[in-house]
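Thanks for sharing this one. Here are some notes to read with the model open beside you.

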Amino acid sequence: MSEPVSVTIPHKLGRTEAKSRIEGGIYKLESAIPGAQMSEQHWEGDALHFTLDAMGQHITCSMDIKDEHIDAVFELPPLLAMFANKIKEKMQKEAPKLLE
């Protein structure tokens, strides 16, 4: 069973600019999880869906871009679920850098 990690990223950019910055900076998430690499990504409207591979595990992720915030959810596989709190802390710190 996977362990969802939810992070809300506030911003004052508006939906269009936030989406543009996420598109240009999504690769920065790879450094937030040691050894992670992005294996796929696709947009569905204002929602970005992507997969990070780390430690031989797949982390399914989504970011729903809103006017004043981004709702991000990282579905951790059982092996990584024990690190959920540390990953959430790291994402809360690193995710705003996606919007720079």
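The points below go through the strands, a helix and a pocket in turn.

1. A word before we start: this is a predicted model. Please read each point below with that in mind.

2. Let's begin with strand pairing. Strand E1 (residues 3–10) runs antiparallel to E5, and eight bridges join the two. If you want a place to look, find Thr 8, which stands opposite Asp 71 in E5.

3. E5 also pairs with E4, again in the antiparallel sense, over six bridges. Here Ile 65 stands opposite Ile 70 in E5. E4 and E5 form a hairpin, with three residues between them.

4. Which side chains of E5 are buried, and which are not? Ile 70, Ala 72, Phe 74 and Leu 76 point to one face and are buried. His 69, Asp 71, Val 73 and Glu 75 point to the other face and are not buried. As a general rule, side chains in a regular strand alternate between the two faces of the sheet. The two residues picked out above fall on opposite sides of this pattern: Ile 70 belongs to the buried set, whereas Asp 71 does not.

5. Now to helix H1 (residues 15–25), where the buried residues are Ala 18, Lys 19, Ile 22 and Gly 25. They lie on the same side of H1 because they cover an arc of only 145 degrees around the axis. The background is familiar: an α-helix has 3.6 residues a turn, so residues three or four places apart point the same way. As for partners, the buried residues of H1 pack against strands E2 (37–44), E3 (47–54), E4 (57–65) and E5 (69–76).

6. Thr 51 deserves a quick look, and its place is in strand E3. Is Thr 51 buried or exposed? Thr 51 counts as buried because its relative accessibility is 12%, and the cut-off for buried is under 20%. Leaving aside neighbours within four places in sequence, Thr 51 is in contact with Gln 37, Met 38, Ser 39, Glu 40, His 58 and Ile 59.

7. Last comes the largest pocket, with a volume of about 230 Å³. What kinds of residue make up its lining? By class, there are eight nonpolar and three charged residues, and no polar ones. The lining includes Ala 32, Ile 33, Pro 34, Met 55, Leu 80 and Phe 83, and among the others are Lys 86, Glu 89 and Lys 90. Helix H3 (residues 84–94) gives the largest share of this lining, four residues.

Technical notes:
Residues numbered from 1 in each chain as written. Predicted model: local features only at pLDDT ≥ 70, side-chain atom pairs only at ≥ 80, totals over all residues. Heavy atoms only, no water. 1 Å grid on protein atoms, 1.4 Å probe; cavity = no way out; pocket = protein on both sides within 12 Å on 5 of 7 lines; lining within 4 Å. Points joined across faces, edges and corners; volume = space filled by probe spheres on them. Nonpolar A, V, L, I, M, F, W, Y, C, P; charged D, E, K, R; others polar. Buried < 20%, exposed > 50% of the residue type's maximum accessible area, 1.4 Å probe, protein only. Arc of directions from axis to C-beta. Contact = heavy atoms within 4.5 Å. Pairing = 2+ DSSP bridges.
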